[in-house]
Amino acid sequence: MLQIRNLTKIYDGGVKALDNVSFDVPDGQFLAVIGLSGSGKSTLLRCINRLIEPTDGQILWNGEDITKASPEEMRRIRRKIGMVFQHFNLVHRSKVITNVLAGRLGYINPAWSLVNRFPKQDIEKAIQRLERVGIADKANIRADELSGGQQQRVGIARALMQDPQMILADEPVASLDPVLAHSIMKHLEDINDKDGVTVLCSLHFLDLVHRYADRVVALNAGTLVFEGLPREIDDKKFKDIYGRDAERVG
Amino acid sequence: MAAMPSGLGERNMNDNKANKKASPWKSIQLGLAILAGLVIYAYGFQITKVDLEDLRSERRQESLARVMRALAKPEILAYDQQEEVINSPVYVTCPAGGAPIVEQPDKSGAFIVVTPTCANPGEVVQVEGFNFAPNTTGPLRFVPGSDPSNIVQLGRANIQTDASGHFVVDFTLPKRPSEDVQYIRATLRQNVGVPHLTKTAHDTWDKIIETVFLALLATTFGTFLAIPLSFIAARNLMKPVRSPLASIALSIVGWPIGIVLGYVVVRWVEGLSAPLAENIPVNLLSIVVIPVILWLGIRWALPQEETTKPGGFLQTARFAAMFLIILIGFYGLFQLANLSKNLGLIGANSLGSLSFLGNFFFQAGDIVSIITPALGGLAAGATISSFLGKIGQRSTEKLSAAGVKTFNIIFSTLAGATAFGLIGQLVKWLYLVTNPVYVLWGPILTGALLGLALALFTKAKDTLPTGMVIYYVTRTFLNGLRSIEALVMAIVFVIAVGIGPFAGVMALGLHTIVSLAKLYSEQVESIMAGPLEAIQATGANRLQTIVYAVIPQIIPPYISYTMYRWDINVRMSTIIGFVGGGGIGFLLQQNINLLNYRAASAQMFAIAIVVASMDYISSVLREKYV
């Protein structure tokens, strides 16, 4: 169970990215986060694993307050939270397998990572994860030689390496064409269904939300404006979320 | 979104500017700017004394031509020369009895005839030579005094024999009147055999090799030390580093304690290894056995992956094992150094032309044994400091606010006193101040008060931007050192280690460290933030983030900058000899000072060839690997 309580983030310049946001996510749920660009979706996801320090509020995960965790505890918490990014964020010059193995860094002893050594079972596991997303044959080529869809699958394999209990996906399909978008979303759905991993996924297209999400939260200028089932988003709700002048596409 | 309107506005303004007609005010402004430029350059001419008058003077042009001709003929190849020296008597001022009868020359070999055989000083006589080697050149000179073997020669005419070995030349007699017979001497030189390399060429070759290796060593050492420095001089890596006051204070206290402890312990280990130092079989055995022990020990004490936290007993055991492993490691390091020294000594005495390998091993061993205690001190300093820092961090997390405040006050005061006390001792050593009020009690009190003030004014659980402090200190240090030219550093090192290439290596090496660290750190600052974020999100700590997200991104620019620096170092090493730093510069300066321009020219050519080929090689490598 993930509980967000009165979460507020004010950036150094005084921009209020999140304003008193509260909601709960039960274990195993596929939650879509929607809203305009700049509405605070990315900030919200990054506050959960504290890539961004929240200004105020609480994030309780299985009863433990993430915002109060020490660096040591944070390492333990982060390794259970996988993250998938819009721009994949792979290390381009490293091999695919190294990128995937990087998902294990939260577990292995830092001293060993200096000399680039991973335990054998981790390497086997990395190959299995790559097989699961269907690109095990690409394990030994450089990450920047892959196409966008393949890179995102490496990103998912990296998140899976963490044996996550939760995955934060920050617009995972915004840089991909519709066909690839569905294939990536299906992988996330599969992980959600089969492994029971909680997924928090920010999305732009409502048809994807309808198709994949169990529940939706919507942000507008940092405030929570909607919380409910995907089918409850009618025209009026839509205009609340996206503004008066918005029109539906797709 | 906020950026859009202002961006649009700017474009509109530019459009307006373009549409506006040029106003008179604009023209006046332009005119004034040109006038100001003119004044600046005029003053520049005055300051730099631009003056072509000298260039036009005949004397200057003559010397210039002479030097240019010498430079165009580098002293690289030379023939063995055969000289033919023939004297002929002459009287300067004719004796009272009219033209004297001179002895007939021996006409079987080469001979010269002077007509007339006497003349007044400043008058011209004609000199004719016969039977010389054909097509040779040489000087015709006047030998004062009555000794034909006198080496003093005056006046000069150049002679050139024709195909039959004959020449005729006019010679002006110098102002050396004498009643005795004097001589005119023809010296004709002929090249024999094939050309061979001159001594200058050999010296130049030796020194240019020295130059290239000087640059190589300086670049290598500089690069290795610049890499870690560049990470702590990179804003994006250091900005997130923040720690609570208690942690900082304890780390500061930990450094000196650790350094002293580490140094003492490592010296103790050195003492243990000393009795067996000369014994090569023992050396060999230890450097085979010790790595195995280390490998097994580290595998046990540092498990690769652990999902559950180990118990207290196991942790203590591991800690003890690590300590032992480190001691054994240092023992092994000393044995390795001794082995290297012993083998090196043997090699230096028995390898003949390869004895430089022996010397290398001896020197490498010596370097290891000198820096190991220092290394041990630093390692222990870092360990104890980070250990104490962690205790500080823990206490800040666990204690109540009031508890933390007390903790902060105690340790911050202590840390301030320690840091300032050490600075005081440095001042004592550097400026030879002996009054303990200035170098001991004063600084300690100041530091303690500052620490106390910091602790009082910091909120108990607040974190301080340690990273940014380290960043600014490092940057300032780098910028300061970088502004000192390598040539100036070389002067200091010449005093420290003596004249020679090693001083040059140290000077260039140090300059390489600081300038590369700056360039490297700018590269670190410009890496993509995405991968960094992704690696952090997996739970990686700072060290892992650097290894997996930063290093792969900076390899190409690092290689590129290292090559660039290598170029610069080769060029610098050619002149570092001017101040005694070794390399070809020493030779070049010497020859310039001796006005030996042909030799200097050989060295300049050598420099040009080396710099150009290094340029070429590095550009090829850069294309290939970057």
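In this predicted model, the domain assignment divides chain B into domain 1 (28-72), domain 2 (80-197) and domain 3 (200-241 + 468-626). Domain 3 is thus written as two separate stretches of the chain, 200-241 and 468-626. Between domain 1 and domain 3 of chain B, the C-alpha centres are 35 Å apart.

Chain A makes a good starting point for a look at the overall fold. It contains nine helices and ten strands. The radius of gyration of chain A is 18 Å, close to the 18 Å that the globule rule gives for 250 residues, so chain A is as compact as a globular protein of that length. Measured out along the principal axes, the C-alpha trace of chain A spans about 55 × 40 × 35 Å. Of the 250 residues in chain A, 45% are buried. Contacts in chain A can also be sorted by how far apart the partners sit in the sequence: among those with a separation of 6 or more, 68% are between residues 24 or more positions apart.

The two chains also touch each other. The contact takes 29 residues from chain A and 26 residues from chain B. On the side of chain A that touches chain B, helix 2 (71-78) and helix 4 (110-113) each supply at least two residues. Helix 4 of chain A gives the most to this side, with four residues. Sorted by class, the side of chain A that touches chain B has 14 nonpolar, eleven polar and four charged residues.

The next topic is the nonpolar core. The largest nonpolar core has 133 residues, and Val100(A), Ile167(A) and Ala507(B) touch the most other members. These three residues come from both chains, with Val100(A) and Ile167(A) in chain A and Ala507(B) in chain B. Leaving aside residues up to four places away in sequence, Ala507(B) touches Ala486(B), Met489(B), Ala490(B), Phe493(B), Ile576(B) and Gly581(B).

Strand pairing in chain B can be followed through strand 8. Strand 1 (residues 77-92) and strand 8 (residues 182-197) of chain B run antiparallel and are joined by 13 bridges. Within chain B, Val85(B) stands opposite Thr187(B), a residue of strand 8. Strand 8 of chain B is also joined to strand 5 (residues 137-143) of chain B, by five bridges, and this pair is antiparallel as well. Here Thr137(B) stands opposite Arg189(B) in strand 8 of chain B.

Turning to the helices of chain B, helix 18 (residues 584-593) has the buried residues Ile584(B), Gly585(B), Phe586(B), Leu587(B), Leu588(B) and Asn591(B). The cover over the buried residues of helix 18 includes helix 5 (199-232), helix 17 (542-575) and helix 19 (597-625) of chain B. After helix 18 of chain B comes Leu595(B), with a positive phi near 60°.

Another helix of chain B, helix 13 (residues 466-482), holds Arg482(B). Arg482(B) counts as partly exposed because it has 15 C-beta neighbours inside 10 Å, a number between the limits of 12 or fewer for exposed and 20 or more for buried. Although Arg482(B) and Thr512(B) are 30 residues apart along the chain, their C-alpha atoms are separated by 8.7 Å. Not counting residues up to four places away in sequence, the contacts of Arg482(B) are Val514(B), Ser515(B) and Lys518(B).

Finally, a few backbone details are worth a look. Most residues other than glycine have a negative phi, and most peptide bonds are trans. In chain B, the peptide bond between Thr115(B) and Pro116(B) is cis, with omega about -10°. Pro116(B) is found in the loop between strand 2 (111-115) and strand 3 (118-119) of chain B. In chain A, Asn6(A) is not a glycine, yet its phi is positive, about 50°. Asn6(A) belongs to strand 1 (residues 2-10) of chain A, and Asn6(A) is partly exposed because 13 other C-beta atoms lie within 10 Å. Asp163(A), also a residue other than glycine, has a positive phi near 50°. Its place is the loop between helix 6 (148-161) and strand 7 (166-170) of chain A. With 16 other C-beta atoms within 10 Å, Asp163(A) is partly exposed.

Notes:
Residues are numbered from 1 along each chain as its sequence is written. Chains are lettered from A and ligands numbered from 1 in the order in which they are written. This is a predicted model: local features need pLDDT of at least 70, side-chain atom pairs count only at pLDDT 80 or more; totals for chains, interfaces and linings use all residues. Domain bounds come from an automatic or database domain assignment. Two residues are in contact if their C-beta atoms, placed from the backbone, lie within 7 Å. Ala, Val, Leu, Ile, Met, Phe, Trp, Tyr, Cys and Pro count as nonpolar, Asp, Glu, Lys and Arg as charged, and the others, Gly among them, as polar. The radius of gyration is taken over C-alpha atoms; the globule rule is 2.2 Å times the number of residues to the power 0.38. Two strands pair if DSSP finds at least two bridges between them. A nonpolar core is a set of buried Ala, Val, Leu, Ile, Met, Phe, Trp, Tyr and Cys residues joined through C-beta atoms within 7 Å.
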